[in-house]
Amino acid sequence: MQISPSVRAAMVPDENPMHPGFTSIYLVGPKGGQSLTIDSGEAFERYQWFLRGYLAAVEQTEISIATITHHHQDHSGNLKWANEMLGARIDITQGGRPLLKGKIPTEVNQLSDGDTIDLGSGVRVQVLHTPGHSVDSMSYYLEDEGVLFTGDTLLGSSTTTVRDLGPYRRSLERLAALPNIKVICPGHGAIVNDPRERLQMYINHRAQREQQVIKALEGGKQLTSWEIMLQVYPDLDPRLHRGADGNVRSHLTQLQEEGRIKGYAGVPRKPNKKKIERDIEHAKVEDKVLKQAKKIEKARSTASLRAQENPSALEWKQAPRFELA
Ligand SMILES: [Zn+2]
């Protein structure tokens, strides 16, 4: 889908409840010139096929640089693949290197806040460090065309999860102050065509959640984050409870840092050595079964292919016979 003169979106349907609608891969660059991909999905074949199919069907460019908005695996899973199969240079996020261990090739280019990626023909992408969803969250900004890429800092069809709320709210304010935004391209969900309203909505939404968290504590009882979460999100799909609890915890951390609430340390459960050992053993058995299943699958497919081309002689109890007439 064409978003602006230099931006295209490859929107891959996604069924994860955390990612309503789509997980998107964006291509930025002048037609026929160099292209940058922003995010490239999980390390599943369907993302690789989708991107290859899209490139073959729609693009007249090659991927010269592959970058990500943050280290999470649904954005960074295909960096090695993009490097090996497409020959792309890999750009990584500010603070992302230790978090991307094992997922990146040895040679990478480290981006920092304030950098510009120049794709030629006047297409220049600004790099903004916008932590909050994760410590290494980056946004990319094409000021001339009014396109902002937010990754999971702002989503298209839902609110997002926040790790550090203070930095997150500052990041939103920073994005809202950018001079020219016509459209936001998020990591998941629909393209956002009312960017200023949406950013303001996110800012207001966080202020409102903070009020709800404070209200839950006004009863005067000490509560855990989980208990607060159940009050603040009474009708939430239980599969999203953990994410919501994370949001409440990030509000609690910020309120505590500001001296507005008091916190009491919890007592961690002792790690159960036997259970850990059992889990390791279990994973080993699973790996073995998986390996065997793959072998069987391959053998079956080879056998059926062979049977198609050379039907087996075993079907005859007595084969047809011939002699000179
Ligand atoms: Zn994501």
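Author: Helices (H or I, at least four residues) and strands (E, at least two) are DSSP runs, numbered from the N terminus. The model discussed here is predicted.

Reader: Where is serine 121 found?

Author: The strands that flank serine 121 are strand 8 and strand 9. Serine 121 therefore belongs to neither run, and its place is the loop between strand 8 and strand 9.

Reader: Is serine 121 buried or exposed, and at what relative accessibility?

Author: Exposed means over 50% relative accessible area. Serine 121 passes that limit and therefore counts as exposed, with a relative accessibility of 70%.

Reader: What is the phi of serine 121?

Author: Most residues other than glycine have a negative phi. Serine 121 is a residue other than glycine, yet its phi is positive, near 50°.

Reader: Which loop holds aspartate 39, and what is its phi?

Author: Aspartate 39 is in the loop between strand 4 (34-38) and helix 1. Although aspartate 39 is not a glycine, its phi is positive, at about 70°.

Reader: Is aspartate 39 buried or exposed?

Author: The limit for a buried residue is under 20% relative accessible area. Aspartate 39 has a relative accessibility of 2%, so it counts as buried.

Reader: How do the axes of helix 1 and helix 3 stand to each other: parallel, perpendicular or oblique?

Author: The axes of helix 1 (residues 45-57) and helix 3 (residues 79-86) come within 12 Å and cross at roughly 40°. Because of that angle, helix 1 stands to helix 3 as oblique.

Reader: Is the crossing of helix 1 and helix 3 left-handed or right-handed?

Author: The handedness concerns the way in which helix 1 passes helix 3. This crossing is right-handed.

Reader: Which residues of helix 3 are met by helix 1, and how does the contact divide into nonpolar, polar and charged residues?

Author: From helix 1, the residues taking part are Gln48, Leu51, Arg52 and Leu55. On the side of helix 3, they meet Trp81, Met85 and Leu86. The residues of this contact divide into 5 nonpolar, 1 polar and 1 charged.

Reader: In what order do the strands of the open sheet stand?

Author: The open sheet is formed by 5 strands, and their pairing is mixed. From one strand to the next, the twist averages 25°. The order of the strands is 8-9-10-11-12.

Reader: Which strands stand at the edges of this sheet?

Author: An edge strand here has a single partner strand, so one side of it is left without a neighbour in the sheet. The strands in that position are strand 8 (116-118) and strand 12 (183-186).

Reader: How many bridges join strand 10 to strand 9, and how many join strand 10 to strand 11?

Author: Strand 9 (residues 124-129) and strand 10 run antiparallel, and leucine 128 stands opposite serine 139 in strand 10. Strand 10 also runs antiparallel to strand 11 (residues 147-151), where leucine 148 stands opposite tyrosine 141. The bridges to strand 9 number 4, and those to strand 11 number 3.

Reader: Why is strand 10 described as largely enclosed by the rest of the structure?

Author: On one side of strand 10 lie Met138, Tyr140 and Leu142, and on the other Ser139 and Tyr141; both faces are covered. Strand 10 (residues 138-142) is largely enclosed because the buried residues number 5 of 5.

Reader: Which residue in the hairpin of strand 10 and strand 11 takes a positive phi?

Author: The hairpin has 4 residues between the strands. A positive phi near 70° is taken there by glycine 146.

Reader: At what angle does helix 4 run to strand 9?

Author: Helix 4 (residues 165-176) lies across strand 9, strand 10 and strand 11. Its angle to strand 9 is about 150°.

Reader: Is glutamate 210 buried or exposed, and which residues beyond four places in sequence does it contact?

Author: Glutamate 210 is found in helix 5 (residues 195-217). With a relative accessible area of 8%, glutamate 210 is buried. Its contacts, leaving aside neighbours within four places in sequence, are Arg169, His251, Gln254, Leu255 and Arg260.

Reader: Which residues does leucine 217 touch, not counting those up to four places away in sequence?

Author: Leucine 217 has its place in helix 5. At 21% relative accessibility, leucine 217 counts as partly exposed. The residues it touches are Leu223, Ile228, Leu252 and Ile261.

Reader: What distance separates the C-alpha atoms of aspartate 194 and isoleucine 184?

Author: Aspartate 194 lies in the loop between strand 12 and helix 5, and counts as partly exposed at 32% relative accessibility. Aspartate 194 and isoleucine 184 are 10 residues apart along the chain. Their C-alpha atoms are separated by 8.1 Å.

Note on methods
Residues are numbered from 1 along each chain as its sequence is written. This is a predicted model: local features need pLDDT of at least 70, side-chain atom pairs count only at pLDDT 80 or more; totals for chains, interfaces and linings use all residues. Side-chain values use heavy atoms; hydrogens and water are left out. Axes are lines fitted to C-alpha atoms, for helices over the stretch in contact, and angles run from 0 to 180 degrees between N-to-C directions. Angles under 35 degrees count as roughly parallel, over 145 as roughly antiparallel, 65 to 115 as roughly perpendicular and the rest as oblique. A crossing is left-handed if the near helix is turned anticlockwise from the far one by less than a right angle, and right-handed if clockwise. Contact means heavy atoms within 4.5 Å. Ala, Val, Leu, Ile, Met, Phe, Trp, Tyr, Cys and Pro count as nonpolar, Asp, Glu, Lys and Arg as charged, and the others, Gly among them, as polar. Buried means under 20% relative accessible area, exposed over 50%, partly exposed in between (1.4 Å probe, protein chains only). Two strands pair if DSSP finds at least two bridges between them.
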